[in-house]
Amino acid sequence: MEKLRRAVSEIAYSRDRSKLSSLHRSLLPLLSLASSVYGLALSLRHHLYRSRLFSKRRNAVCSNDSLAVLRLWRLPVPVISVGNLTWGGNGKTPMVEFIAALLADSGISPLILTRGYAGGDEARMLQRHLLGKPAKVGVGANRAVTAAAFIEKYGYRDLRNRGCLKGGSTDHKMGEKAESNDQICFDHCSEEIGAAILDDGMQHWQLLRDLDIVMVNGLCPWGNHQLLPLGPLREPLTALGRANIAVIHNADLVSEQTLASIESAIREFNKSIKVLFTKMAPSYFFEVVNMNSIIPLEAVSNNVVLCVSAIGSADAFVKSVEKLGAIHVERLDFSDHHLFQTMEIDMIKKQLEDLESKFSSRPTVIVTEKDYDRDPEILKHLSPYKALALSARLQFIPHKGCSGICFKNLLEELLQVKLTGVPYI
């Protein structure tokens with residue numbers, strides 16, 4: 001199954017089918033048919049939502065109605081959607097974390113709504129990174145029902161009511177007049193939910209949102225421009241017209257000419273969209289046998305390294321490691337969210353032994369944090385080789401006079417609140 005996933009991925013990002021192997025070409029008719037069926041189903045579903053055939057509900061509450069899944073729900077707090085048009089590697093989860101930290105550090109308790117793919121590796125990483133902050137992570141395929149459960153448990157505060165909350169009490173009324181007519185000011189953080197962040201929300205039309213952010217992988221934005229499973233597109237590029245902000249991720253790893261080309265392609269479908277640029281900035285390593293360890297990035301300088309990952313964009317991960325000064329970097333890629341098995345750990349160790357024999361130096365394994373959070377225990381079996389997880393954070397790249405401050409201003413405009421937190425802008 002892993003070989004099939006990798007074959008499909010290689011087809012999706014291939015620009016010249018004549019260079020595909022005979023095995024890959026044999027899959028094309030089936031993938032083309034499946035892609036056509038997917039496109040028809042997508043168009044029908046989108047038409048039903050756009051035509052408002054299914055009623056709009058003010059609040060997300062549980063329902064036994066079999067048609068509830070196709071109803072539109074409005075949460076009583078602002079909803080920020082972070083999504084993409086292609087599978088994996090677009091920086092969705094780091095952006096969700098960035099927004100959650102910014103809100104939490106500004107005294108607003110955010111609720112992150114995520115599906116929890118592959119046992120919830122991304123959800124666990126978010127919980128670990130946001131530990132100690134008043135952010136909540138709700139995991140479930142039906143994000144409306146998940147949101148309803150959290151709102152029922154913790155309550156909510158609609159920031160747009162222009163109340164000004166101060167002090168440590170949570171008994172202030174949101175109807176009180178603010179000191180400023182323009183923004184809400186918060187001097188403390190309440191347990192009550194003040195905003196929802198919809199992780200992977202571009203195609204989750206069930207919840208209405210106030211801000212749509214689409215993440216684009218600068219290294220390979222659209223693949224072969226085909227819909228799933230023949231290509232990587234989850235929707236046609238016309239869906240860019242629904243977005244308020246486009247963020248070109250991994251922008252530090254491509255040329256200015258490529259960035260300009262991607263931005264131009266985005267603006268073909270949405271002339272008024274705000275376009276920003278981000279990268280993943282490595283912070284430090286930690287040992288997979290000791291999550292609390294902090295190892296400086298210089299530790300891999302002049303070392304032999306094997307990058308092992310099961311993420312959406314392994315290229316970005318490997319390029320980041322190469323910049324850290326290792327004398328030799330090899331890679332072993334698996335499909336996104338892949339769960340490592342014992343036989344694969346043995347395969348990794350065999351490759352490490354070959355590297356050790358070739359360079360007369362014991363190599364180091366480097367994985368991503370997502371790989372670590374998916375199954376930290378199995379990675380410990382790489383002993384006696386040292387296995388490190390690379391911790392990295394999303395950062396905005398100043399471009400054409402716009403940076404993370406511009407993004408923060410856009411959120412302030414949406415929420416009508418002064419955001420005082422400045423996480424890694």
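# Worked exercises on a predicted model

Strand β13 (residues 364–368) is largely enclosed by the rest of the structure, because five of its five residues are buried (under 20% relative accessible area; exposed is over 50% and partly exposed is in between, with a 1.4 Å probe and protein chains only). Strands (E, at least two residues) and helices (H or I, at least four) are DSSP runs, numbered from the N terminus.

Some ground rules before we dig in. This is a predicted model, with local features needing pLDDT of at least 70 and side-chain atom pairs counting only at pLDDT 80 or more, while totals for chains, interfaces and linings use all residues. Residues are numbered from 1 along each chain as its sequence is written, and side-chain values use heavy atoms, with hydrogens and water left out.

**Exercise 1. Work out which residues sit on each side of β13 and which strands pair with it.**

Step 1: start with the general pattern. Side chains in a regular strand alternate between the two faces of the sheet.

Step 2: apply that to β13. One side carries Thr364, Ile366 and Thr368, the other Val365 and Val367, and all are buried, so both faces are covered.

Step 3: look for partners (two strands pair if DSSP finds at least two bridges between them). Strand β11 (residues 304–309) runs parallel to β13 and is joined to it by three bridges. Strand β14 (residues 387–396) also pairs with β13 in the parallel sense, over four bridges.

Step 4: pin down the register. Thr364 in β13 is the bridge partner of Val305, and Leu390 in β14 is the bridge partner of Thr368.

**Exercise 2. Describe the surroundings of Thr86 and His24.**

Step 1: place Thr86. You'll find Thr86 in the loop between β3 (79–84) and α3 (92–105), and its relative accessibility of 1% means that it counts as buried.

Step 2: list what Thr86 touches. Its side chain makes a polar contact with that of Asn90 at 3.3 Å (a pair of N or O atoms within 3.5 Å; within protein, one must be able to donate a hydrogen and the other to accept it, and residues adjacent in sequence count only if both atoms are side-chain atoms). Skipping neighbours within four places in sequence, Thr86 is in contact (heavy atoms within 4.5 Å) with Tyr13, Pro221, Trp222, Pro232, Leu233 and Arg234.

Step 3: do the same for His24. His24 belongs to helix α2 (residues 22–50) and is buried, at 11% relative accessible area. Its side chain joins that of Glu10 in a polar contact of 2.5 Å. With neighbours within four places in sequence set aside, the contacts of His24 are Ala7, Glu10 and Ile11.

**Exercise 3. Find the disulfide and check how accessible its cysteines are.**

Step 1: the structure holds one disulfide (a pair of cysteine sulfur atoms within 2.5 Å). Cys402 and Cys406 form it, with their sulfur atoms 2.5 Å apart.

Step 2: check exposure. Cys402 is partly exposed at 21% relative accessibility, and Cys406 is partly exposed at 23%.

Step 3: set two other cysteines beside them. Cys220 counts as buried at 18%, and Cys307 is buried at 1%.

**Exercise 4. Pick out the cis peptide bonds before prolines 229 and 384, and the positive phi values at Asn250 and Ser360.**

Step 1: check the prolines. The bond from Leu228 to Pro229 is cis, with omega near -5°, and Pro229 lies in the loop between β7 (211–217) and β8 (245–249). The bond from Ser383 to Pro384 is cis too, with omega near 15°; Pro384 is in the loop between α10 (376–379) and β14.

Step 2: check phi. Asn250 isn't a glycine, yet its phi is positive, near 60°. Asn250 lies in the loop between β8 and α6 (256–269) and counts as buried at 4% relative accessibility.

Step 3: turn to Ser360, another non-glycine, with a positive phi of about 55°. Ser360 lies in the loop between α8 (342–359) and β13, and is exposed, at 69% relative accessible area.
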